[in-house]
Every structure is written in structure tokens, then in C-alpha cells.
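Reader: I would like to go through this model with you and ask how each label is earned. Could you show it to me?

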Amino acid sequence: MAMLKTILGNLLRPSRTRAPADMPVVPPTYRGALTHDAGRCTACGTCAFVCAPKAIHFTQEPGVSVSWHFFIGQCSFCGLCEQNCPTRAIHLRADVPGSMNSASGDGLRLESVIRLQPCTRCGAAHVPLPAATMDALWAAGADEAERGYCPDCRRWAASARLRTAFIPDGAVAEGGRHDR
Amino acid sequence: MPYSFPLGPYHPALEEPFKVKVQCRGEVIESATVEVGFSYRGIELLAQKRNWVEVITLIERVCGICSNTHAMTFCMAAETIAGIELPKRAAHIRTIIAELERLHSHLLWAGVGAEDIGFHSLFMEVFTLRERVMDTLEAISGNRVNYGMNCIGGVLRDIPDPAAHLPALDALAKGLGEIVIPTFTQNPTALARTRGVGRLSREQAVEWAVVGPVARASGLDIDVRKDQPYLSYADLGFESVVRPEGDVQARVVVRALEMMESVRLIREALLSLPPGPLRATQGLPEIPAGEATIRTEAPRGEAFYYVASEGGASPARVKIRTPSFVNIPAIEPMVMGQTLADLSIIQASVDPCISCTDR
């Protein structure tokens, strides 16, 4: 009799298997397909530093470009590269990640090339700061000419400003080129 | 005529490799030897070669079920060395994730246990409930396993809308109270396979130094959440569940009632989520020289971490003692004098986690 009740109950109830329509929504925090924006990357290497399975690495062509490489077969989708990127160049979108067939062989590989620019002062090739970072830094009213400087020349310019603040009459001779 | 019978390492009952070699006379087991070490990955040594950020990702992969506990305990050890005080909100979020993980681990165990006694419809019911927990974990952390929530000094993700997760908890409490617990405690099939089976007396439990639900089912009231409260357990109030019987039935009941307590803890933590920052520190962590030992209550019992730092980029030593490491040998006294057919449910009743044990 109890069994009859169960059978009847089961017939009258709708299916308990999940239909594709009532799948849970993909949360905004879902860590899926990884994208890299070369325009925001400063090639600082933080993403490669925090990547435990070493899915990210950098290569360089001296004087021309720095390349950011990603191999999905080694990625564990922990999202630490996105969390730690100081300029928010890396983003794990909520889309399905690309194919990953094996840990060593084929699978999605991403490469993103960051072109080096010559310094407007010393001519040394360097990774330019992302436009957003530059706007934030120069908003305080620094010298516009310094925008094209390499990190060494920026440092030199900063110390020159400090020096002239202490010794305003130009007692110190104009500094030469920094050593390279 | 006595004979010996190897069960495993590739296991009919469990997903992970470990071997129980039993000596039987007829249907009755006379003695048993447990062998582990089939999935050794050398994580403790690897941890010395990775920097402090990478180690969290690595440690999270010690276990596929209680991944968060390991990452969390490691972070707590690093915070102790560096003298970082965890923000209140981060402590609450860690507690919520830890308890959700306990729920999913215990539900997974209850499902596998039901499967081991041949009770497939109960397995289906339990896994339907577990899916609600997994959905909640995914909604909070963005992943069903390996949540990646912890960093040294806090948590990486917030719970922006705590009230959104309450309906899932209601459904869970209802499912546990109306289906899972009554079936395990009243159904004649479940009772026949669990009551009086695989007994471990209180004295044996002390002798074999078992921890977690196995110890609590043998009448030992030990639980790190109560004995040495960490995170938000002192604020939320915690009641441990203890049973004196020591059989498989008692282990089922202890885990079932613990799930109800977890639901209550999660609900209170969600409702009383304090405002404030998620992290005490910004940027990459700097851990000075020092050492720390931390105990936390993982779903299977007490997890113990010893972390030493020499002030460099990587930890100098990470020693992990997982609860299954002490619970698995206790299978030997449990199966003595039991029938061979009960071996599978008895060893499943300690909830052995082999990847934790082997590391």
C-alpha cells in the first residue's frame, strides 16, 4: 500500500532531474576564459610570479618587444594572476575557457606582444606605462615631456626635481646620461 | 580454512587508491592490514620550492574534498608567523566557506555510504541535496571545488548579498530533516547494514588516537572548533555532537547532526556578517622568520599544520598531518570479527581521504 502511494506520488510530481533551463546561473566570480590586454601590461612579471603551475611566462626580443605567454593545459584557474595584476591587464571572464587537451601537448596557447618604445630622452627601449596608469600619475601635474621617458630617466627626472628643490640656484651641473 | 583477501588498491567502494588486506575464516574477518601511499605527490617538498602565494594554490590541491581547509589552515599559520590579525569579515567568510565545505564533504560521504550498502535511491536524494551546497559554493567563490578564497591576511572574494544564500540553506535543512536523517535512522535496510557494525569502543578510539566524527561517534568529545575556537566559532557558538555507540550507525548520526549544526552556523554567520575590509594586507605577503603550528577542524577531524619560515620567498618547511592519517589505521580494529561483506561500509564509515593522507 505504501509502495502504491509512492508510485502515485511520483506520477503526479514533475520530474526532479534538472532541465537545461533550470541550470544555476553562472556567477560573476566564475573563473573561465583568460584574456590579456597588452595595452595595460607593464611586463612586471607578477602574474608569472604568483602562478603555481607555471602556466604564464614571458619571453623577450631585446630592444623590440616583450611577449606574455599562457598555456591553458597548465592553468589551474585559481585566478591569482587576475587578483594580483597591478594594472588589471589580466581578466578571467565568465565564458567557457578554451580547449585543454593535455598538460604537455596541444591546447589553447595565448601570446600577447608588448611593443617596446624608445625613451624620448635617452633612446633606450622600454615597456611604456599603460595609458590609464599614466593619466593617473600625471594628473598631479608632472612635466608632460616625461611621459615618453624610460623608468631610469623617470627616476633621474624625479631626483633632479628633488635636487633642485634643495639647491635651487643650479649649483649642480646638469646631470649626464645615466649609466646603461 | 583461513585465506587472505586483498581489497584494493583500485577500489570497488572508494574513488581513491588504498589497500586493505584481510585474513578471513569463512565469512568472518580475523585481521586486517591497511596499506596507503599509492597517490603520493610530494606536496610538502614542493611547498618548499614555491613562493608564499603559489604555496596556497598548491596546498589547496592536497585534498579534492576539503581543499579549503588546507589552504585556510596554511594561511592561518602564515598569518600567525607574520602577526597579521584577520579582519572580522574575512573570519566570518572563512567560517562560512569552511562549514559549506563540511556540508558538502559529509553529504558526499553520506551518498557514498548509501551506495556502499546498496541503497541507490538514498544516494540520489543525498546528491540532490549536495548539489544545492555546490551551487552555493560556486555562487560565492566562482568554482565548485578548489575555491581559491584564501590569501595570507584575509579572503579574496566577498559575499555581497548574504541573504541570497538563505533559501538554499532552508531547502538543505528540510531535506536533511525530512529525508536523509529519518532514512538513515529508521529505514530497516539502512539499520540492518549499519547498527552494531564496525564497532570501535571508547578505549580503542583513545588507543588508536582517532579524531573527528569517528572519535565523536565513539564517545570522545573532541572538536577543535570547541576546544580551541578559531575564526568566528567563539562568536557563533558551537555545539559538538557526540554518540557513545561507536558503530557505523553512530558515525552516520554524528555526521548527520553535524550537518544540521553547520547549517545553523552558516545561517548565523551570513546574518551577522560584520562590515569591514576583506584583507589585512595588500600586495604580495612578506613573512618574517618564525614558525607556527595551527590546528583546525577539517570535515574528517583535526588537521594539523606546522609552517616554518626563514624570511625568504618560500616557506622553509610545511608539515601537514591530515585527519585521515590517524583515522585510516583504525579500520583494523573495526573490521575484526565482522563479515567480509561489511568491510566496504566499515572502511567507508571513517571517511578515508587518501589524497590527504598520501599528499
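Author: Gladly, and one definition comes before anything else: UniProt positions are given in the numbering used here, feature names are shortened, and annotations may be inferred rather than shown by experiment. Residues are numbered from 1 along each chain as its sequence is written, and chains are lettered from A and ligands numbered from 1 in the order in which they are written. The model is predicted: local features need pLDDT of at least 70, side-chain atom pairs count only at pLDDT 80 or more, and totals for chains, interfaces and linings use all residues.

Reader: Which residues does UniProt place under "binding site" together with C63(B)?

Author: The unreviewed UniProt entry puts that feature at C63(B), C66(B) and C353(B). These residues span 291 residues in sequence, yet no two of their C-alpha atoms are more than 9.2 Å apart, so they gather at one spot.

Reader: What makes C63(B) count as buried?

Author: The rule counts other C-beta atoms, placed from the backbone, within 10 Å of the residue's own: 20 or more is buried, 12 or fewer is exposed, and anything in between is partly exposed. C63(B) has 28 such neighbours, so the residue counts as buried. C353(B) has 27, so buried is the label there too.

Reader: How do you know which residues C63(B) is in contact with?

Author: Two residues are in contact if their C-beta atoms, placed from the backbone, lie within 7 Å. Leaving aside neighbours within four places in sequence, C63(B) meets that limit with H70(B), C353(B), S355(B) and C356(B). On the same basis, C353(B) touches C63(B), I65(B), R300(B), T322(B) and S324(B).

Reader: Where in chain B is C63(B) found?

Author: Helices (H or I, at least four residues) and strands (E, at least two) are DSSP runs, numbered from the N terminus. C63(B) is in the loop between α2 (52–60) and α3 (67–82) of chain B, and C353(B) is in the loop between α15 (343–349) and α16 (354–358).

Reader: For "binding site", UniProt also lists E44(B) and I320(B). Why do you say that they gather at one spot?

Author: They come from an unreviewed entry. They span 277 residues in sequence, but no two of their C-alpha atoms are more than 7.4 Å apart, so one spot is a fair description. E44(B) sits in helix α1 (residues 43–47), while I320(B) is in strand β8 (residues 315–321). Contacts of E44(B), beyond four places in sequence, include I320(B) and R359(B); R359(B) is also among those of I320(B), along with V62(B) and Y305(B).

Reader: What are E44(B) and I320(B) by the same count: buried, exposed or partly exposed?

Author: E44(B) has 15 C-beta neighbours inside 10 Å, so it falls in between and is partly exposed. I320(B) has 22, so it is buried.

Reader: Why is α4(B) called largely enclosed?

Author: Of its 29 residues, 25 are buried, so the rest of the structure largely encloses this helix. Helix α4 (residues 88–116) reaches 42 Å from its first C-alpha to its last, close to the 42 Å expected; the expected span is 1.5 Å times one less than the number of residues. Just after α4(B), G118(B) takes a positive phi of about 80°.

Reader: How do you know that the radius of gyration of chain B agrees with that of a compact globule?

Author: The radius is taken over C-alpha atoms, and the globule rule is 2.2 Å times the number of residues to the power 0.38. For 359 residues this gives a value near 21 Å, and chain B has 20 Å, so the two agree. Buried residues make up 51% of chain B, which holds 16 helices and eight strands.

Reader: What makes A209(B) exposed?

Author: A209(B) has 12 other C-beta atoms within 10 Å, so it is exposed. Its phi is near 55°, a positive value in a residue other than glycine, and its place is the loop between α8 (202–207) and α9 (212–217).

Reader: And R88(A), with its positive phi: what does its C-beta count make it?

Author: Phi of R88(A) is near 55°. With 13 C-beta neighbours inside 10 Å, R88(A) is partly exposed; its place is the loop between α3 and β4 (90–92) of chain A.
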